[in-house]
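Good morning, colleagues. Please look at the sequence and the structure on the screen while I walk through the fold.

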Amino acid sequence: MRFDELKIGQSYEMSRAFTQQEVMEFAKLSYDNNPLHTDLKFAKTTQFGQVIVPGFLTASMFSAIIGTKFPGFGSIYLNQNMSFIKPVLPEQKVTAVVRVKELFPEKHRVLLETVCFDENQIILIEGTALVKLP
């Protein structure tokens, strides 16, 4: 998508659920072996009572959208701010939405609202991303 095709309020969304196997693969790739994500026995002793999906694995949906769909190929991440509001559980359906919040034509930059929510529309992650387009 070209910068001049973007409009404030325009958005793109994708949904998916992460499996425990994907959580284990992410732990291996990222070296994030926090037992909260990988060890059910340990996770049961935490405030969550079960394993949870790493926040950055869930947030990777933003990168997937921005880099390949909206705005798409050639987009360069400059900044991402996030607040992790609620945990994501393995096999829980999550929807990520990226929405145009502000346009900066002089530098071909766009400020995007980035939000993940569950099937009940409860916000799981919220933030913003600053992206440069070619």
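Does Tyr 31 count as buried or exposed? At 71% relative accessibility, Tyr 31 counts as exposed; here buried means under 20% relative accessible area, exposed over 50%, and partly exposed in between, with a 1.4 Å probe and protein chains only. Tyr 31 sits in the loop between H1 and H2, and although Tyr 31 is not a glycine, its phi is positive, at about 65°.

Some ground rules are needed before I continue. This is a predicted model, in which local features need pLDDT of at least 70 and side-chain atom pairs count only at pLDDT 80 or more, while totals for chains, interfaces and linings use all residues. Residues are numbered from 1 along each chain as its sequence is written, and side-chain values use heavy atoms, with hydrogens and water left out.

Let me turn to the overall architecture. The protein chain has four helices and five strands; these are DSSP runs, numbered from the N terminus, with helices (H or I) of at least four residues and strands (E) of at least two. Along the sequence the pattern reads β-α-α-α-α-β-β-β-β. The C-alpha atoms fill a box of roughly 55 × 30 × 20 Å, taken along the principal axes. Of the 134 residues in the protein chain, 36% are buried. Contact means heavy atoms within 4.5 Å; among contacts between residues at least 6 apart in sequence, 63% join residues at least 24 apart.

Next, the sheet. Five strands form an open, antiparallel sheet in the order E1-E3-E4-E5-E2, where two strands pair if DSSP finds at least two bridges between them. Strand E1 (11–17) and E2 stand at the edges with a single partner strand each, so one side of each is left without a neighbour in the sheet. On average, neighbouring strands of this sheet are turned by 20° against each other, direction ignored. Axes here are lines fitted to C-alpha atoms, for helices over the stretch in contact, and angles run from 0 to 180 degrees between N-to-C directions.

Within the sheet, strand E4 (residues 109–118) and strand E5 (residues 123–132) run antiparallel and are joined by nine bridges. One of the pairs places Val 110 opposite its bridge partner in E5, Val 131. The loop between E4 and E5 holds Gln 121, a residue that is not a glycine yet has a positive phi of about 65°. Gln 121 counts as exposed, at 56% relative accessibility.

Which strands does H4 lie across? H4 lies across E1, E2, E3, E4 and E5, and runs at about 50° to E3. The 14 residues of H4 should span 20 Å at 1.5 Å a residue, and the end C-alpha atoms are 21 Å apart, which agrees; the expected span is 1.5 Å times one less than the number of residues. The buried residues of H4 are Leu 57, Thr 58, Ala 59, Met 61, Phe 62, Ile 65 and Ile 66, and the buried residues of this helix pack against E1, H1, E2, E3, E4 and E5. Ser 60 also belongs to H4, but counts as partly exposed because its relative accessibility is 32%. After H4, in the loop that leads to E2, comes Pro 71, joined to Phe 70 by a cis peptide bond with omega about 0°.

Helix H1 (residues 20–30) has the buried residues Val 23, Phe 26 and Ala 27. They cover an arc of only 100° around the axis, which puts them on the same side of H1; the arc is that of the directions from the helix axis to the C-beta atoms. An α-helix has 3.6 residues a turn, so residues three or four places apart point the same way. Helix H2 (35–38) and helix H4 (55–68) are among the elements that cover the buried residues of H1. On the face turned away from the buried side, H1 carries the exposed residues Gln 21, Lys 28 and Leu 29.

Finally, consider Gln 92, in the loop between strand E2 (76–84) and strand E3 (93–104). Gln 92 is buried, with a relative accessible area of 13%. Leaving aside neighbours within four places in sequence, Gln 92 is in contact with Arg 16, Ala 17, Phe 18, Pro 87, Asp 118 and Glu 119. A polar atom of the Gln 92 side chain lies 2.8 Å from the backbone nitrogen of Leu 89.

Note on methods:
A polar contact is a pair of N or O atoms within 3.5 Å; within protein, one must be able to donate a hydrogen and the other to accept it, and residues adjacent in sequence count only if both atoms are side-chain atoms.
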